[in-house]
Amino acid sequence: MSQHPLTKEICEIAHYLYSKGLAPGKSGNISVRFQDTVAITPSGVSLGLLKENEIVLTDMDGQVVAGGNNPSSELQLHLEVYKNKEETAGIVHTHSSYATGFAMSGEKIERLEGFGERSKPFLKMVDYKPPGTIELAKLVGEGLKYEDVVILENHGVVATGEDLNEAALLAEFVEETAKTQFVARVLSKIEFLG
């Protein structure tokens, strides 16, 4: 597979996530795996301004093989997920407002219809570890073994999919779910005059 279709897809999804407010400023990162190569967004670049030539290609050990030379600081997190979940080919890490608000408050996001079978009442939340650390990477890799999405305590969301588009749509759905739950909780505490 050539680099061009991958980098084009990553740019399109990056711009989409930014336009939806799921990765404001220079936050968030995304990646795609094909065979033993991972294409990942660079560190310190806004997803809204991402260009194809800035995307970094690495092997499964994190060694840069093409593209830019400054992969996301969360590269190890992405690699750990791919190693733990062979069917995953796309990962999206966002810092969307409502989902991150839940993550920072310690409140869990309910698992609504649309997240598959409702055998568990809430989306899985992994304990806080500093961003970019191997400790966080290991926790997320382990947490996503049997889940499609995890909430990072005090941090954000990591969503996975069989392709990048699926992961992005899941991240968007998590944010909309968090927003709906927030509004419902606020409204349930307001006394309306009829």
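Where is asparagine 154 found? Asparagine 154 sits in the loop between β7 and β8. The points below take this loop and other features in turn. The model is predicted.

1. **Asparagine 154.** This residue is not a glycine, yet its phi is positive, at about 60°. Its relative accessibility is 37%, so asparagine 154 counts as partly exposed. The loop that holds it joins the topic of the sheet, since β7 and β8 are both strands of that sheet.

2. **The sheet.** Eight strands make an open sheet. Their order is β4-β3-β2-β1-β5-β8-β7-β6, and the pairing is mixed. Strands of a sheet pair through backbone hydrogen bonds, in a parallel or an antiparallel sense. Which strands stand at the edges? They are β4 (64-67) and β6 (125-126). Each has a single partner strand, so one side of each is left without a neighbour in the sheet.

3. **The β1-β2 hairpin.** β1 and β2 run antiparallel and are joined by four bridges. Valine 32 stands opposite alanine 39 in β2. Two residues lie between the strands of this hairpin. Glutamine 35 is in the turn. Its phi is positive, about 55°, although glutamine 35 is not a glycine. Is glutamine 35 buried or exposed? Its relative accessible area is 72%, so glutamine 35 is exposed.

4. **Strand β2 and its other partner.** β2 (residues 37-40) also pairs with β3 (residues 56-59). The sense is antiparallel, over four bridges. Valine 38 stands opposite threonine 58 in β3. In a regular strand the side chains alternate between the two faces of the sheet. In β2, Thr37 and Ala39 point one way, and Val38 and Ile40 point the other way. All four are buried.

5. **Arginine 33.** This residue lies in strand β1. What is the nearest side chain of opposite charge to arginine 33? It is glutamate 87, 6.6 Å away. Arginine 33 is buried yet has no salt bridge. Salt bridges are counted within 4 Å, so the 6.6 Å to glutamate 87 does not qualify. Backbone oxygens are within reach instead. That of tyrosine 82 lies 2.9 Å from a polar atom of the arginine 33 side chain. The side chain of arginine 33 also reaches the backbone oxygen of lysine 85, at 3.5 Å. Neighbours within four places in sequence aside, arginine 33 is in contact with residues including Val38, Met60, Glu86, Thr88 and Ala89. Tyr82, Lys85 and Glu87 are among its contacts too.

6. **Nonpolar cores.** The largest nonpolar core has 34 residues. Those with the most contacts inside it are Ile10, Ile30, Val92, Ile109 and Val174. Two or more residues come from each of α1 (3-19), β1 (29-34), α3 (97-105), β7 (149-152), β8 (156-161) and α5 (164-188). Which element gives the most to this core? It is α5, with seven residues. Another core, of 18 residues, lies apart from it. Val81, Tyr82, Ala137 and Val140 are among its members.

7. **Salt bridges.** How many salt bridges does a search of the whole structure find? It finds nine. Side chains of opposite charge can pair when their charged atoms come close. Lysine 8 and glutamate 12 form one of these bridges, with their closest N and O atoms 3.7 Å apart. The two are four residues apart in helix α1, so about one helical turn separates them. Lysine 8 is partly exposed, at 41% relative accessible area. Glutamate 12 is partly exposed as well, at 47%.

8. **A bridge across the chain.** Arginine 185 forms a salt bridge with glutamate 110, the closest N and O atoms being 4.0 Å apart. This pair links distant parts of the chain, 75 residues apart. Arginine 185 is in helix α5, and glutamate 110 is in the loop between α3 and β6. Arginine 185 is partly exposed, at 27%. Glutamate 110 is also partly exposed, at 30%.

9. **Another bridge, and a network.** Glutamate 142 pairs with lysine 145 in a salt bridge, the closest N and O atoms being 3.4 Å apart. Both are partly exposed: glutamate 142 at 47%, lysine 145 at 30%. Salt bridges that share partners join Glu107, Glu110 and Arg185 into one network.

10. **Isoleucine 134.** This residue is found in helix α4 (residues 134-143). With 41% relative accessibility, isoleucine 134 counts as partly exposed.

Notes: Residues are numbered from 1 along each chain as its sequence is written. This is a predicted model: local features need pLDDT of at least 70, side-chain atom pairs count only at pLDDT 80 or more; totals for chains, interfaces and linings use all residues. Side-chain values use heavy atoms; hydrogens and water are left out. A nonpolar core is a set of buried Ala, Val, Leu, Ile, Met, Phe, Trp, Tyr and Cys residues joined through side-chain atoms within 4.5 Å. Buried means under 20% relative accessible area, exposed over 50%, partly exposed in between (1.4 Å probe, protein chains only). Lys and Arg count as positive and Asp and Glu as negative; His and the chain ends are not counted. A polar contact is a pair of N or O atoms within 3.5 Å; within protein, one must be able to donate a hydrogen and the other to accept it, and residues adjacent in sequence count only if both atoms are side-chain atoms. Contact means heavy atoms within 4.5 Å. Two strands pair if DSSP finds at least two bridges between them.
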